[in-house]
Amino acid sequence: MAIPSGSGTEVLKRTTIHALTTNETAFRWDGTMATTGTATYTVTANHIITVLNIIVAETTGSAENFNIYMHDGSNAIHLLRNQSLGVKETFVWNDRLVLTGGDKLIVYTEAAANIDAVCNYIDQDWS
C-alpha cells in the first residue's frame, strides 16, 4: 500500500463472528457480521486496519481449542495456535496487529465447537 497523500478517516469499529464451529471464518471489515464458514472476506484496498483486541467466548459448555491467523494473499501467518478455551470461558487477545488491503484475519477451531468472537479495531480509510 502506498503512503496516503490525501484526506481520510479514522474510525473505531467492531466486527463479529457468531456461533463459530470448525469452519474457517474471516472477520468482515464492512460493519456486518461474518457468515460462519466464509473465509474470503478481505480488508478493502486503501484501508489500514489496526486490530486492538479480539475477544473469544465459549458458549455451549465444552472446552475448545481455537486458532487465529492472517492471510496476506500468499501466506497463512499463524498468530494463535491451538489456544485453549475452557467451559464458558472468555479469552482476550490484546496484541496489536496491522492489516492492509487484501489481508484476511481468520478464526477456526480444532473440533466441533460453538464460540463467539469480537474484534475491536481502528479503520483508517484512505480511499
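Biologist: In what order do the four strands of the open sheet stand?

Modeller: Keep in mind that this is a predicted model. Follow strand β4 (residues 64–71) outwards: β4 pairs with strand β5 (residues 76–85) over seven bridges, and with strand β8 (residues 104–109) over six bridges. Add β2 and you have the open sheet, antiparallel in its pairing, in the order β2-β8-β4-β5.

Biologist: Which strands stand at the edges of that sheet?

Modeller: Look for strands with a single partner strand, since one side of each is then left without a neighbour in the sheet. That picks out β2 (25–26) and β5.

Biologist: Which residue in the turn of the β4 and β5 hairpin has a positive phi?

Modeller: β4 and β5 pair in the antiparallel sense, and one of the bridges along the way joins N65 to S84. Four residues sit between the two strands, and the one in the turn with a positive phi, about 100 degrees, is G73.

Biologist: How many of the residues of β4 are buried?

Modeller: Take one example: Y69 lies in strand β4, and it counts as buried because its relative accessibility is 7%, with the cut-off at under 20%. The strand as a whole is mostly covered, and of its eight residues the buried ones number seven.

Biologist: Are the rings of Y69 and Y108 stacked or edge-to-face?

Modeller: Y108 counts as buried, at 14% relative accessibility. The two ring centres are 6.1 Å apart and the planes stand at 75 degrees. Planes over 60 degrees apart count as edge-to-face, so the Y69 and Y108 pair is edge-to-face.

Biologist: How far apart in sequence are the parts that the W29 and Y121 pair ties together?

Modeller: A search of the whole structure finds four aromatic pairs. In one of them W29 and Y121 meet edge-to-face, 4.8 Å centre to centre with 85 degrees between the planes. W29 is in the loop between β2 and β3 (47–58) and Y121 is in strand β9, so the separation in sequence is 92 residues.

Biologist: Which residue forms one aromatic cluster with W29 and Y121?

Modeller: W29 counts as buried at 8% relative accessibility, and Y121 does too at 0%. The cluster has one more member, F27.

Biologist: Which side chain makes a polar contact with the side chain of Q124?

Modeller: Q124 lies in strand β9 (residues 115–125) and counts as buried because its relative accessibility is 18%. Leaving out residues up to four places away in sequence, Q124 touches T9, E10, N46, H47 and I48. The polar contact, at 2.8 Å, is with the side chain of E10.

Methods: Residues are numbered from 1 along each chain as its sequence is written. This is a predicted model: local features need pLDDT of at least 70, side-chain atom pairs count only at pLDDT 80 or more; totals for chains, interfaces and linings use all residues. Side-chain values use heavy atoms; hydrogens and water are left out. Buried means under 20% relative accessible area, exposed over 50%, partly exposed in between (1.4 Å probe, protein chains only). Two strands pair if DSSP finds at least two bridges between them. A polar contact is a pair of N or O atoms within 3.5 Å; within protein, one must be able to donate a hydrogen and the other to accept it, and residues adjacent in sequence count only if both atoms are side-chain atoms. Contact means heavy atoms within 4.5 Å. Rings of Phe, Tyr and Trp (its six-membered ring) pair if their centres lie within 6.5 Å; planes under 30 degrees apart count as stacked, over 60 as edge-to-face and the rest as tilted.
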